[in-house]
Amino acid sequence: MKRRLFSLVIPALFATAVVISCKKDKPLSSESNEVTTTKDGAQFVVDTLNSRVEWKGYKIFKSENTSHFGTIKFESGDVTIKDGRLESGKFVADMNSLTSVDLQNDADQLGKLNGHLKSGDFFETGKFPTASYEITKVTPSAEGDYNTVLDGNLTIKGITKPVSFKANVSVKEGEVSIATEPKDIKREEFGVKFQAPAANGVIKDEVTLQINVKALEKK
C-alpha cells in the first residue's frame, strides 16, 4: 500500500511542479476582442492630413497645470460603410509624429519632451514606429452625447488590449467622420512604465486618448 501511495504521489508532485514552472516562465500574452466586422461594403480611406489622435498625460493628479497634451498623426487607415452605416475600420498611427501642443512656444522644452516620449522610457518609437486601433464591433447608441459604441483592439508597443470608445459617427456623401470620447487608458498595461523621481512629480498611469478620423470614399 505504501509503495502504491508513493508511486501516485511522486508523479502528482512532478506534474504540479511542471505546471508552476510553466506559469512562471510563460510570457505575458496580449488580449484582444474577436473581430466580428467585415469589409463588405463601400471602402473609404483615412484622410491623414485631417485626422489625428489627441493625447493628454498628467502628473500627480488631473489638472491643467500638471499636464501635457498633444497630437499623433495617422500613417494610414481604412473604413467600410455598409447600408449607410459604419461596418469596420482600422487606423494606424505614426508614433514618430507624436508631439506636444502645450509647449509649441518653447522650442527647447518641446524638443526635450518629444525626445523623451519617443525614447525607451516611454513609447520607444525606433522599435515600435506605429500604434493601431482596429474596430471589432459597432453598436448604435441612442443614449448620451454619442451615437455609436466602438469595441476594438488597441495596440501600443506591440501589446494589444481591448478598448471600447463611445463615438459620434457621421456618414455623408463621400465622407465619414468618427470622433470618439476622451478615454483614459492605463499606459503601464502597454509597457509604458517610466516614473520620474518623486521630486519631479509622479506621472499618472492614466493617459487620455481621443480619436478623430475623416475618411474619403475610394474612387
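**Exercise 1. Which pattern does the protein follow when read along the sequence?**

Solution. This is a predicted model, in which local features need pLDDT of at least 70, side-chain atom pairs count only at pLDDT 80 or more, and totals for chains, interfaces and linings use all residues. Residues are numbered from 1 along each chain as its sequence is written, and side-chain values use heavy atoms, with hydrogens and water left out.

Step 1. Find the elements: helices (H or I, at least four residues) and strands (E, at least two) are DSSP runs, numbered from the N terminus.

Step 2. Count them: there are 2 helices and 10 strands.

Step 3. Read them along the sequence: the pattern is α-β-β-β-β-α-β-β-β-β-β-β.

**Exercise 2. Find where the model has its lowest and highest confidence by element.**

Solution. Step 1. Use pLDDT, the predictor's confidence in each residue, from 0 to 100. The protein averages 83, and 79% of the residues score at least 70.

Step 2. Compare the elements: helix H1 (residues 2-25) has the lowest mean pLDDT, 39, while strand E8 (residues 175-180) has the highest, 98.

Step 3. Look at the start of the chain: pLDDT is below 50 over residues 1-29, and this stretch has 1 contact (heavy atoms within 4.5 Å) beyond near neighbours in sequence. Where pLDDT is low, the predicted coordinates should not be read in detail.

**Exercise 3. Describe the surroundings of Asn212.**

Solution. Step 1. Place the residue: Asn212 lies in strand E10 (residues 203-217).

Step 2. Classify its exposure. Buried means under 20% relative accessible area, exposed over 50%, and partly exposed in between (1.4 Å probe, protein chains only). With a relative accessible area of 16%, Asn212 is therefore buried. Buried residues make up 35% of the 219 residues in the protein.

Step 3. List the contacts: leaving aside residues up to four places away in sequence, Asn212 touches Ser51, Arg52, Glu54, Phe74, Ile178 and Ala179.

**Exercise 4. Trace the salt bridges of Asp40 and Glu206.**

Solution. Step 1. Apply the cut-off: a salt bridge is a side-chain nitrogen of Lys or Arg within 4 Å of a carboxyl oxygen of Asp or Glu. The whole structure holds 8 salt bridges.

Step 2. Take Asp40: its side chain meets that of Lys82 at 3.3 Å, N to O. This pair links distant parts of the chain, with Asp40 in the loop between H1 and strand E1 (42-46) and Lys82 in strand E3 (residues 67-82), 42 residues apart. Asp40 is partly exposed at 46% relative accessibility, and Lys82 is partly exposed at 33%.

Step 3. Take Glu206: Lys186 forms a salt bridge with Glu206, with the closest N and O atoms 3.3 Å apart. Lys186 is in strand E9 (residues 183-186) and Glu206 in strand E10, 20 residues apart. Glu206 also forms a salt bridge with Lys204, at 4.0 Å.

Step 4. Join the results: Lys186, Lys204 and Glu206 are linked in a network of salt bridges.

**Exercise 5. Describe the aromatic pair of Tyr133 and Phe165.**

Solution. Step 1. Set the rule: rings of Phe, Tyr and Trp (its six-membered ring) pair if their centres lie within 6.5 Å; planes under 30 degrees apart count as stacked, over 60 as edge-to-face and the rest as tilted. The search finds 2 aromatic pairs.

Step 2. Apply the rule: Tyr133 and Phe165 are 5.2 Å apart, centre to centre, with 85° between the planes, and the pair is edge-to-face.

Step 3. Locate the residues: Tyr133 is in strand E5 (residues 130-140) and Phe165 in strand E7 (residues 159-172).

Step 4. Check exposure: Tyr133 is buried at 3% relative accessibility, and Phe165 is buried at 1%.
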